[in-house]
Amino acid sequence: MTEKAQQPESKNRHKTVEQAEQEGKYIRKVRSFVKREGRLTNAQGRALELHWDTMGLNHSDGMIDPKALFANDNPVVLEIGFGMGKSLVEMAKNAPELNFIGIEVHRPGVGACIALAQEQEVTNLKVYEHDAIEILADCIPDSVLTTVQLFFPDPWHKKKHHKRRIVQPEFVETIRQKLKVGGVFHMATDWENYAECMLEDMSSAPGYQNLSQTKDYVPRPDSRPLTKFENRGQRLGHGVWDLQFKRID
């Protein structure tokens, strides 16, 4: 899919990584994903073609105004890496009092999400097909999100690849800036080592409070549907760890 909007000349665009860092932006030099395009099904392609104008958001359009975008002042939930979108659409359908924004880099997943949202008549959901780090830097204003969701990100389980994991101290601080005070960063993983690393990074990050009664993990909230990744993990004998941290400053 080609973005229809012209790339604006904006202060949000940066010519160099160095310039961005000087302006206080976190620019990731090592990506946390590998782009696997896959083949679009006919239904996914039709959904992108027919409904992008109403459901799609373009990185090139710059900073959003959530109130104008959704034509209401409802709380905004952002999900990073929604896969094929099944659980995201389910959450949006079950919570019409909330607005949802999803970010996914893989086009078939974006097409599938839009198709399912249309089938389920979900209207409180918008999606990006882009890198989440760039969307956070260039499109999401500070202090506007009620919840950020990161469910089952790529664990990059080999130790030499841990630097590719998206949850790193700089990323955690970026999320804090985008959350409202009182907003929650909710993570889930079926890799114990990644859960431990998430817990360590979040516990040492300033401005957050762990919502766990035991200062580690929380039970899976009813609002998070079981995903195929979770079911797969259970079949393999893996545990699943949910973490919820609230922005307090």
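The following conversation concerns a predicted model and some of its residues.

Biologist: What should I know about the model before we begin?

Modeller: The model is predicted, and local features need pLDDT of at least 70, side-chain atom pairs count only at pLDDT 80 or more, and totals for chains, interfaces and linings use all residues. Residues are numbered from 1 along each chain as its sequence is written, and side-chain values use heavy atoms, with hydrogens and water left out.

Biologist: Which residues does UniProt list for "binding site"?

Modeller: The unreviewed UniProt entry lists Glu79, Glu104, Asp131 and Asp154. UniProt positions are given in the numbering used here, feature names are shortened, and annotations may be inferred rather than shown by experiment.

Biologist: Why do they gather at one spot?

Modeller: They span 76 residues in sequence, yet no two of their C-alpha atoms are more than 14.5 Å apart, so they gather at one spot.

Biologist: Is Glu79 buried or exposed?

Modeller: Glu79 is buried, with a relative accessible area of 2%. Buried means under 20% relative accessible area, exposed over 50%, and partly exposed in between (1.4 Å probe, protein chains only). Glu79 lies in strand β2; helices (H or I, at least four residues) and strands (E, at least two) are DSSP runs, numbered from the N terminus.

Biologist: And what does Glu104 touch?

Modeller: Not counting residues up to four places away in sequence, the residues that Glu104 touches include Phe82, Val110 and Tyr128. Contact means heavy atoms within 4.5 Å. Glu104 is in strand β3 and counts as buried at 7% relative accessibility.

Biologist: Changing topic, where does Asn124 lie?

Modeller: Asn124 lies in the loop between α5 (107-119) and β4 (125-129). Asn124 is buried, with a relative accessible area of 8%.

Biologist: Which backbone oxygen does its side chain reach at 3.0 Å?

Modeller: The side chain of Asn124 reaches the backbone oxygen of Ala92 at that distance, 3.0 Å. A polar atom of the same side chain of Asn124 also lies 2.8 Å from the backbone oxygen of Leu98. A polar contact is a pair of N or O atoms within 3.5 Å; within protein, one must be able to donate a hydrogen and the other to accept it, and residues adjacent in sequence count only if both atoms are side-chain atoms.

Biologist: What covers the buried residues of α5?

Modeller: The cover includes α2 (42-55), α4 (86-94), β3 and β4. Among the buried residues of α5 are Pro108, Val110 and Ile114. After α5 comes Glu121, whose phi is positive, near 60°.
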